[in-house]
Amino acid sequence: MPHAGRWQVNEMKSVLVIGGGIAGIQSSLDLANRGYHIYLVEREPSIGGHMALLDKTFPTNDCSMCILAPKMNECNAHPNIDILSYSEVMDLSGNAGDFTARVQRKARYINEEKCTGCGDCTARCPSKVPNEYNGNLDKRKSIFLPYPQAVPRVMTIDREHCIYLTKGKCGNCKKVCNAGAVDYEQKDTFVDLNVAAVIVATGFDMFDPTHMQEYGYGKYANVITAMEYERMICASGPTGGHLETAPDKEHPGKIAFIQCVGSRDLQHNPYCCSVCCMHAIKESILAREHYEDIKPYIFYTDLRAVGKGFEEYAVRGEKEYGIKYIRGRPGQIIEDASTKKLTVWYDDTVNRKVKGLEVDMAVLCTSLIPAKGSDKLAAILDIELDEYGLYKSRDELTAPLDTRRPGVFIAGYCQSPKDIPESVAQGSGAAARATEVAGGAYI
Amino acid sequence: MKQIIKRTKAYYCVECGKCSGSCPVARVNEGFSPRVIVERALSGMKGEIEGDRELWTCLTCEACTTKCPSTVKFSEFIRGMRSSAFNSGYTSRCSQGGLLHSIQRVQSYRDLVQNRLQWISDDLKTSTEGEVLYFTGCLPYFENLFSGFVNPLEIARSTVKILNKAGISPVVSPNERCCGHDLLWTGNVETFQKLARLNVEMIKESGASRIVTSCPECLRTLKLDYADFLEGTDIEIVHISEFISSLIKNNDIKLNRAGIMTYQDPCRLGRHMGIYDAPREVIKSMGELVEMNKNREESSCCGVSAWATCEGNSKQMQIERLIEAKSTGADMLVTSCPKCLIHLRCAVHNQIPVEKEKVDIPVVDLTVAACRALAGE
């Protein structure tokens with residue numbers, strides 16, 4: 001029988017969503033719109049996840065933040081959603097339909113009710129630290145908003161670096177805050193939440209390629225990761241959207257994108273990250289849209305363009321934007337100490353020639369790995385990890401969003417490698433699964 | 001060949017090309033590509049591989065093996081294929097016309113009487129039995145062949161001197177044989193096994209519980225390739241760089257400052273055995289270490305391995321490495337392998353294809369440098 005009418009929840013139940021990236025946001029909005037109450041727990045100061053750090057999305061080159069920000073704000077404004085940012089789940093007891101989750105609310109030393117996010121405090125903060133939201137390419141203050149579109153729009157004090165909290169001196173932010181929101185005495189607190197179901201959408205972290213000495217990341221100035229590149233080419237990023245190379249901040253002439261760095265590698269992560277072929281194409285196209293004279297080279301293992309419109313995107317990249325695709329994983333990058341130019345040594349496996357290509361910038365398209373602390377969270381939630389450290393589905397084929405614990409569901413990259421649309425689809429899917437335990441029906 | 005493929009996991013190869021992109025030989029020799037060799041093997045082209053002279057070009061330096069995303073043991077694959085080729089009647093184009101391999105083969109005769117201890121001067125203390133055995137390797141033979149441009153026995157003397165300084169009077173045996181490294185890596189497994197058995201007999205007779213080598217190839221061979229022969233014994237095998245660095249750590253010896261040094265990682269010590277820090281600690285205790293761009297896992301090979309080939313490729317690699325060393329501004333290039341020393345010195349012994357000042361840097365063995373820097377000597 002076709003569903004008609006609207007979804008009704010007899011008694012308002014709560015659902016806990018862990019992780020405020022695009023998958024968790026989608027789950028939250030779907031459930032909130034059906035009348036459930038959502039606790040959206042995010043360990044960072046802002047929801048948004050990695051999508052908030054991307055410049056554009058493939059294969060349409062849509063602005064990432066332009067798609068995401070309205071959803072972030074919708075979460076914030078939704079009467080059925082409580083965002084618990086800068087918080088982590090510490091315990092989960094009970095059973096499907098009646099769980100109790102203990103959540104640690106880390107002290108951000110700001111009264112969230114009072115803070116207006118005006119930024120007066122940040123302007124006066126003398127403490128500068130590497131900005132992890134910009135790939136550490138610039139500095140942020142110790143009292144900060146991660147980025148202008150952050151949700152909730154409240155400041156956070158970084159307790160590791162704040163001069164007042166570490167040395168008892170300064171206090172500038174408190175002096176200038178007209179709202180009286182700064183509270184150096186704030187302590188971590190714990191709240192117990194009664195929820196009917198749990199959705200885990202903790203996403204991923206980026207693989208650190210420093211120890212893969214062959215590529216010289218961390219040693220050569222012009223070897224960067226794709227995430228750093230995303231920030232650099234983003235107009236709101238640390239260089240205002242300009243690609244800069246050492247030593248003179250000129251934009252690069254030739255860029256080498258190196259695929260599968262740490263992926264499809266039995267010494268690191270055996271699985272395909274599933275996105276680096278496509279984001280390298282996107283990043284190459286963006287480079288050309290910024291500078292006509294850039295020559296992008298993509299060193300791939302197998303060009304995996306499997307989604308809708310992906311193959312056409314790859315072809316367009318070659319025909320319209322001059323991307324040169326080379327099948328081969330480079331073996332070594334060598335820097336010329338004086339010019340800072342890089343020689344990428346590779347085997348052109350199609351033409352069977354070993355060559356060195358001189359480039360101005362090398363972008364390492366690194367693997368996406370289970371988010372830090374996934375193992376700890378799995379233990380807390382009593383769900384399983386697979387051999388990669390991602391969350392294990394109850395059944396990969398027939399119950400991909402279920403875990404071994406009834407009432408606990410998974411969605412997004414933390415379940416298996418995938419891109420944004422698939423993460424959104426799983427976010428919706430997990431929301432639908434959660435309604436089964438949280439009750440409700442079409443009337 | 002199927003067994004070699006299975007043993008070395010060559011069937012995991014996805015032909016990504018990272019091996020050939022890492023290969024220092026492929027950069028100077030168009031005809032050589034590790035990936036293509038594996039590709040041929042997987043296509044069952046046994047005869048083509050055995051008969052291809054490029055089979056002997058590989059330096060087994062493991063620049064590829066250490067980073068293969070499919071964990072194919074390429075150096076072991078080459079070793080297996082060489083053994084198969086050797087059994088089919090092929091052999092390497094040995095440098096020195098095969099003289100070195102002949103000397104090594106001769107050492108496999110049980111009743112051979114060697115005169116290999118003449119270098120032990122009166123100031124050096126050695127024993128016939130004891131806890132520590134110094135495995136000298138081919139140094140006495142190298143002295144006869146290469147004394148025109150290096151002093152191989154100075155390495156042996158320096159090693160004993162340092163051991164004496166630590167209160168050890170090492171066993172140095174007249175019955176020691178070549179460890180068999182070069183024959184093993186050029187396919188002559190049978191003779192290697194003979195040498196291994198004779199050496200193990202000698203080691204057991206000495207009563208040693210610890211062996212010190214000054215050659216990384218001896219270290220690798222004794223530690224890994226003698227494992228079956230030494231089964232049931234509990235003998236610790238260390239390289240002299242590890243030994244010296246532990247002496248320094250325990251304040252048992254002190255070294256004087258000896259200048260700015262750069263370091264050549266020998267393939268066997270570095271990529272094969274994972275020893276990168278010990279020699280660096282020794283260098284840092286007697287001077288300043290400036291690294292070449294290619295160092296540790298990314299280090300370049302000295303261009304020749306197992307005396308299998310010495311061609312234009314080798315010379316080009318050696319000259320490039322010396323240029324790199326010179327450009328660091330170091331006073332000397334230190335290595336901890338007698339063969340790296342010989343090959344890098346040999347490269348500049350005769351004609352040099354570049355201006356002399358570009359490659360004009362002394363090459364010194366680590367043990368020799370440490371011995372010279374011993375405080376109070």
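The exercises below work through a predicted model, each with a solution set out step by step.

**Exercise 1. The overall form of chain B**

Determine whether the radius of gyration of chain B agrees with that of a compact globule, and describe the extent and burial of the chain.

Solution. Begin with the secondary structure, where chain B has 18 helices and seven strands. Next, take the expectation for 377 residues, which is a radius of gyration near 21 Å for a compact globule; chain B has 20 Å, and the two therefore agree. The C-alpha atoms of the chain fill a box of roughly 60 × 50 × 35 Å along the principal axes, and 54% of the 377 residues of chain B count as buried. Finally, consider the contacts in chain B with a separation of 6 or more, of which 81% are accounted for by residues 24 or more positions apart.

**Exercise 2. The side of chain B that touches chain A**

Identify which helix of chain B gives the most to the side that touches chain A, and describe the classes of residue on that side.

Solution. The contact as a whole involves 23 residues of chain B and 20 residues of chain A. On the side belonging to chain B, α2 (18-22) and α3 (34-42) each supply at least two residues, and it is α2(B) that gives the most, with five residues. Sorting this side of chain B by class then yields seven nonpolar, eight polar and eight charged residues.

**Exercise 3. Two helices that cross in chain B**

Classify the arrangement of α15(B) relative to α16(B), and name the residues through which these helices meet.

Solution. Helix α15 (residues 312-327) and helix α16 (residues 338-347) of chain B have axes that come within 9 Å and cross at roughly 90 degrees. Because of this angle, α15(B) counts as roughly perpendicular to α16(B). From α15(B), the residues involved are B:K315, B:Q318, B:I319, B:R321 and B:L322, and they meet B:H343, B:L344 and B:A347 in α16(B). By class, the residues of this contact comprise four nonpolar, two polar and two charged.

**Exercise 4. The surroundings of α12(B)**

Explain why helix α12 of chain B may be described as largely enclosed by the rest of the structure, and identify elements that cover its buried residues.

Solution. Helix α12 (residues 240-249) of chain B has ten residues, and seven of them are buried, so the helix is largely enclosed by the rest of the structure. The buried residues are B:I240, B:S241, B:E242, B:F243, B:I244, B:S245 and B:L247. What covers them includes the helices α8 (152-165), α14 (277-286) and α18 (366-372) of chain B, together with the strands β2 (210-213) and β3 (236-239). Just after the helix, B:N251 takes a positive phi of about 60 degrees.

**Exercise 5. A sheet and a loop residue in chain A**

Establish the strand order of the open sheet in chain A that contains β21, and decide whether A:L54 is buried or exposed.

Solution. The sheet has three strands in the order β20-β21-β22, with antiparallel pairing. Its edge strands, each of which pairs on one side only, are β20 (332-335) and β22 (353-359) of chain A, and the twist averages 25 degrees from one strand to the next. Four bridges join β20(A) to β21 (residues 342-348), and A:I333 stands opposite A:V344 in β21(A).

Turning to the loop between β3 (37-42) and β4 (56-57) of chain A, one finds A:L54 there. This residue has 24 other C-beta atoms within 10 Å and is therefore buried, since the cut-off is 20 or more. Leaving aside neighbours within four places in sequence, A:L54 is in contact with A:S64 and A:E230.

Key:
Residues are numbered from 1 along each chain as its sequence is written. Chains are lettered from A and ligands numbered from 1 in the order in which they are written. This is a predicted model: local features need pLDDT of at least 70, side-chain atom pairs count only at pLDDT 80 or more; totals for chains, interfaces and linings use all residues. Two residues are in contact if their C-beta atoms, placed from the backbone, lie within 7 Å. Ala, Val, Leu, Ile, Met, Phe, Trp, Tyr, Cys and Pro count as nonpolar, Asp, Glu, Lys and Arg as charged, and the others, Gly among them, as polar. Axes are lines fitted to C-alpha atoms, for helices over the stretch in contact, and angles run from 0 to 180 degrees between N-to-C directions. Angles under 35 degrees count as roughly parallel, over 145 as roughly antiparallel, 65 to 115 as roughly perpendicular and the rest as oblique. The radius of gyration is taken over C-alpha atoms; the globule rule is 2.2 Å times the number of residues to the power 0.38. A residue is buried if 20 or more other C-beta atoms lie within 10 Å of its own, exposed if 12 or fewer, and partly exposed in between; C-beta atoms are placed from the backbone. Two strands pair if DSSP finds at least two bridges between them.
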